[in-house]
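Biologist: Please take a close look at one helix, in a way that a first-year student can follow. After that, set it against some other parts of the chain.

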Amino acid sequence: MKYVIVSTYEKQGGAAIAALRLLNALLEAGVDANMLVLCQPSNMSKQVVSFQDSMFDGFKTYLYKAFEKLHFIKFQKDKNVRWLFTSAKYGFDLKNHQLIKSADVINLHWIHHSFISLDGIKDIFKLNKPVFWTLHDMWAFTGRLPLFWRM
């Protein structure tokens with residue numbers, strides 16, 4: 001069985017640490033597991049793979065984050081909450097990534113911060129593979145970002 005964990009970060013934040021611990025536990029149990037992350041991994045493990053292949057992908061990530069923030073300006077009623085929500089309108093298309101295509105099981109962790117859009121999540125579910133979404137915060141059902149989220 002091939003298992004892929006998808007997380008925006010490898011080690012930044014509690015969700016990333018939990019995802020990395022799960023990866024290590026799966027590997028110790030003999031499962032063929034990998035972790036796909038948006039941001040450059042630490043190169044501590046060859047099972048952690050960065051989605052960003054080029055500087056252009058890094059620039060697109062920055063643009064996606066900016067577009068997400070600008071999307072909500074027209075809805076704001078109070079400047080104090082301007083950047084607390086995301087529409088998840090922008091993100092990368094993961095359905096054709098080799099780790100996703102070859103996986104038997106897909107486990108989503110903390111995937112916002114412009115990593116995957118809602119359409120991208122829908123495309124992953126359309127692959128007809130078991131998908132587990134580990135909810136580390138309430139973003140999946142409220143659209144609200146953690147307080148530490150910044151540009």
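Modeller: The answer begins with the whole protein, goes on to one helix, and then turns to other places in the chain.

This is a predicted model, in which local features need pLDDT of at least 70 and side-chain atom pairs count only at pLDDT 80 or more, while totals for chains, interfaces and linings use all residues. Residues are numbered from 1 along each chain as its sequence is written, and side-chain values use heavy atoms, with hydrogens and water left out.

The protein has five helices and five strands. Both kinds of element are DSSP runs numbered from the N terminus: helices are H or I with at least four residues, and strands are E with at least two. Their order from the N terminus is β-α-β-β-α-α-β-α-β-α. Of the 151 residues, 44% count as buried. Here buried means under 20% relative accessible area, exposed means over 50%, and partly exposed is in between, with a 1.4 Å probe and protein chains only.

The helix chosen for the close look is α1, which covers residues 14–28. Helix α1 has 15 residues, and the distance from its first C-alpha to its last is 21 Å. That is close to the 21 Å expected at 1.5 Å a residue, where the expected span is 1.5 Å times one less than the number of residues.

Which residues of α1 are buried? They are Ala15, Ala16, Ala19, Leu20, Leu23 and Leu26. Seen down the axis of α1, these buried residues fall within an arc of 135°, so they line one face of the helix. The arc is taken from the directions that run from the helix axis to the C-beta atoms. On the other side of α1, Gly14, Arg21 and Glu28 are exposed.

What covers the buried residues of α1? The cover includes three strands: β1 (2–7), β2 (32–37) and β3 (48–50). After α1 comes Gly30, whose phi is positive, near 90°.

One residue in the covering strands can be followed further. Asn34 lies in strand β2 and is buried, with a relative accessible area of 17%. Leaving aside neighbours within four places in sequence, Asn34 is in contact (heavy atoms within 4.5 Å) with Leu23 of the helix, and also with Tyr3, Val4, Ile5, Lys46, Gln47 and Leu99. In the protein, residues 24 or more positions apart account for 65% of the contacts with a separation of 6 or more.

A second buried residue is found in a loop. Ile111 is in the loop between β4 (105–108) and α4, and counts as buried at 1% relative accessibility. Not counting residues up to four places away in sequence, Ile111 touches Val6, Thr8, Ile116, Ile121, Trp133 and Trp139. Its C-alpha is 9.4 Å from that of Ala140, 29 residues apart along the chain.

Next come the charged side chains. Side chains of opposite charge can pair when their charged atoms come close. A search of the whole structure finds three salt bridges, each a side-chain nitrogen of Lys or Arg within 4 Å of a carboxyl oxygen of Asp or Glu. Lys95 pairs with Asp93, with the closest N and O atoms 2.9 Å apart. Lys95 is partly exposed at 26%, and Asp93 is partly exposed at 40%. Lys95 also meets Asp123 in a salt bridge, at 3.7 Å from N to O. This pair links distant parts of the chain, 28 residues apart: Asp123 is in helix α4 (residues 118–125), and Lys95 is in the loop between α2 (55–71) and α3 (98–102). Asp93, Lys95 and Asp123 are thus linked in a network of salt bridges.

Another of the salt bridges joins Lys122 and Asp119, with the closest N and O atoms 3.8 Å apart. Both residues lie in helix α4, three residues apart, about one turn of the helix. Lys122 is partly exposed at 45%, and Asp119 is partly exposed at 48%.

The last topic is the surface. The accessible surface of the protein comes to about 8500 Å², of which 58% belongs to carbon and sulfur atoms; accessible areas come from the Shrake-Rupley method with a 1.4 Å probe, and for residues only the protein chains shown count as cover. Met138 sits in the loop between β5 (131–133) and α5 (139–142) and is exposed, with a relative accessible area of 54%.
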